[in-house]
Amino acid sequence: MRLKRKILTILLRMLQEVRPHAEKKKTCNLFYSICFAHVIPIVLHACSKFRAYTAWILAYCNPINDPQNQVLLILLKGTANSILYPIFPTLVLFFLCTLCQRICYEIRRLTSEISKVSPKEFTVSKQVDILRRKRKVEDILNILQNLFYSSSFFLCMANFCCCSTQIGWVVGIYRLESDWTMLTSFFLQFACSAASLLACLWVVGGLPIEMQAFIREFQLKIEHRLMLRGKEDEVNFGRRLDERSVFVLSGYDIIHFKRSSILALAASALSMLEKISFRLLVV
């Protein structure tokens with residue numbers, strides 16, 4: 001934990017030097033929205049007609065007959081359980097997305113700076129300066145990978161399992177008995193988990209896209225400079241960039257954060273929903 005805290009401190013200091021955080025109000029609003037969104041299902045559980053059964057489960061199969069005690073138990077224990085999951089994991093993924101978003105902005109700013117420079121002004125010294133700043137971004141990405149290498153995998157798997165569980169509950173409860181409070185609660189939990197997972201894949205998956213755009217713009221500017229000068233008497237940094245692979249964050253080298261993974265995730269969810277529906281119809 002001390003090592004992780006030290007790495008996180010170094011990461012935040014480096015990121016602050018590269019790009020200071022300027023969207024504090026928007027970040028705070030999203031933070032409060034995440035916390036509030038996960039409290040709504042707890043309130044709905046307390047209002048459901050299955051309240052007594054939920055309180056019985058939370059009380060370790062001890063009967064609670066007083067409705068006020070049932071509501072109080074659901075609210076207190078539901079809030080405590082929600083802090084462990086899904087509020088805390090969602091906030092960790094939100095923190096990861098915020099860091100990646102700031103890195104994407106910096107890469108996009110470097111790309112825009114290259115596009116605005118004329119081929120004549122894109123000298124070797126200018127190229128070295130841009131590559132030096134790109135190197136700082138890569139150092140931040142390496143630290144980010146080491147910091148979230150294992151946690152990102154488990155957090156994504158937890159959200160995926162939660163989505164699968166909510167799908168099964170919704171299909172089962174809708175088939176057995178339709179209670180709008182219970183159905184709304186399960187739909188909200190599914191929406192929060194799915195949104196957290198999709199946002200992580202979308203934002204973190206934007207890093208390789210921005211890096212590829214940077215490399216293409218850098219190489220294109222070098223080609224324009226070569227055509228303008230008519231000869232190649234400088235170090236070709238563009239060729240060296242082409243030889244290096246684009247950085248992609250991963251969790252345990254099992255989950256690679258790319259936007260293309262969203263389609264595979266959606267296909268898995270639809271396949272699972274189809275199997276659950278088929279088994280329920282057969283039964």
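**Exercise 1. The second largest cavity**

About 50 Å³ of space lies in the second largest cavity of this structure, which is a predicted model. Find the residues that line this cavity and sort them by chemical character.

*Solution.* Start with the setting: the structure holds two cavities of 30 Å³ or more. Rolling a probe the size of a water molecule over the atoms shows where empty space is left. Next, list the wall of the second largest cavity: Leu96, Leu144, Gln145, Phe148, Tyr149, Ser152, Leu249, Ser250 and Phe257 line it. Finally, sort these residues: the lining has six nonpolar and three polar residues, and no charged ones.

**Exercise 2. The chain as a whole**

Describe the fold of the protein chain in terms of its elements, its contacts and its surface.

*Solution.* Begin with the count, which is 11 helices and two strands. Then put them in order: reading from the N terminus, the pattern is α-α-α-α-α-α-α-α-α-α-β-β-α. For contacts, take the pairs of residues at least 6 apart in sequence; 80% of these contacts join residues at least 24 apart. Turn to burial next: of the 283 residues in the chain, 39% are buried. The surface completes the description, with about 16800 Å² exposed and 64% of that supplied by carbon and sulfur atoms.

**Exercise 3. The largest nonpolar core**

Which residues touch the most other members of the largest nonpolar core, and which element gives the most to it?

*Solution.* In soluble globular proteins, nonpolar side chains tend to be buried together. Here the largest nonpolar core has 42 residues, and Ile103, Leu144 and Leu207 touch the most other members. Two or more residues come from each of helix H1 (2–18), helix H5 (67–116), helix H6 (124–147), helix H7 (151–176), helix H8 (180–204) and helix H9 (206–229). H5 gives the most, with 11 residues.

Now zoom in on leucine 207. Setting aside neighbours within four places in sequence, leucine 207 is in contact with Cys100, Ile103, Cys104, Ile107, Leu141 and Leu249. Ile103 is thus on the contact list of leucine 207, and Leu249 also belongs to the lining of the second largest cavity.

**Exercise 4. Helix H3 and its partners**

Where do the buried residues of helix H3 pack?

*Solution.* First pick out the buried residues of H3 (residues 40–47): Pro41, Ile42, Leu44, His45 and Ala46. Then follow their contacts, which lead to helix H2 (24–37), helix H4 (51–58), H5 and H8.

**Exercise 5. Arginine 102**

Is arginine 102 buried or exposed?

*Solution.* Locate the residue first: arginine 102 lies in helix H5. Its relative accessibility is 11%, and buried means under 20%, so arginine 102 counts as buried. For a distance check, take leucine 15, which is 87 residues away along the chain; the C-alpha atoms of arginine 102 and leucine 15 are separated by 8.1 Å.

**Exercise 6. Histidine 256 meets serine 261**

Which residues are in contact with histidine 256, leaving aside its neighbours within four places in sequence?

*Solution.* Histidine 256 is found in strand E2 (residues 255–256). Its relative accessible area of 36% makes histidine 256 partly exposed. With the sequence neighbours removed, its contacts are Val248, Leu249, Ser250 and Ser261. Its C-alpha atom is separated by 9.3 Å from that of phenylalanine 153, although the two residues are 103 apart along the chain.

Now approach from the other side. Serine 261 lies in helix H11 (residues 261–282) and is partly exposed, with a relative accessible area of 23%. Under the filter of four places in sequence, serine 261 is in contact with Leu201 and His256. The C-alpha atoms of serine 261 and leucine 198, 63 residues apart along the chain, are separated by 9.4 Å.

**Exercise 7. Unusual backbone angles**

Where does the backbone have a cis peptide bond, and which residues in the loop between E1 and E2 have a positive phi?

*Solution.* Most residues other than glycine have a negative phi, and most peptide bonds are trans. Check omega first: the bond from tyrosine 85 to proline 86 is cis, with omega near 15 degrees, and proline 86 is placed in helix H5. Then check phi: tyrosine 252 has a positive value near 60 degrees, and aspartate 253 has one of about 55 degrees. Tyrosine 252 is in the loop between strand E1 (250–251) and E2, as is aspartate 253. Tyrosine 252 is also partly exposed, with a relative accessible area of 37%.

Terms used:
Residues are numbered from 1 along each chain as its sequence is written. This is a predicted model: local features need pLDDT of at least 70, side-chain atom pairs count only at pLDDT 80 or more; totals for chains, interfaces and linings use all residues. Side-chain values use heavy atoms; hydrogens and water are left out. On a 1 Å grid over the protein atoms alone, a cavity is a set of points where a 1.4 Å probe fits but cannot get out, and a pocket is an open set with protein on both sides within 12 Å along at least five of seven lines; lining residues have an atom within 4 Å of a point. Grid points are joined across faces, edges and corners, and a volume is the space filled by probe spheres set on the points. Ala, Val, Leu, Ile, Met, Phe, Trp, Tyr, Cys and Pro count as nonpolar, Asp, Glu, Lys and Arg as charged, and the others, Gly among them, as polar. Helices (H or I, at least four residues) and strands (E, at least two) are DSSP runs, numbered from the N terminus. Buried means under 20% relative accessible area, exposed over 50%, partly exposed in between (1.4 Å probe, protein chains only). Contact means heavy atoms within 4.5 Å. Accessible areas come from the Shrake-Rupley method with a 1.4 Å probe; for residues, only the protein chains shown count as cover. A nonpolar core is a set of buried Ala, Val, Leu, Ile, Met, Phe, Trp, Tyr and Cys residues joined through side-chain atoms within 4.5 Å.
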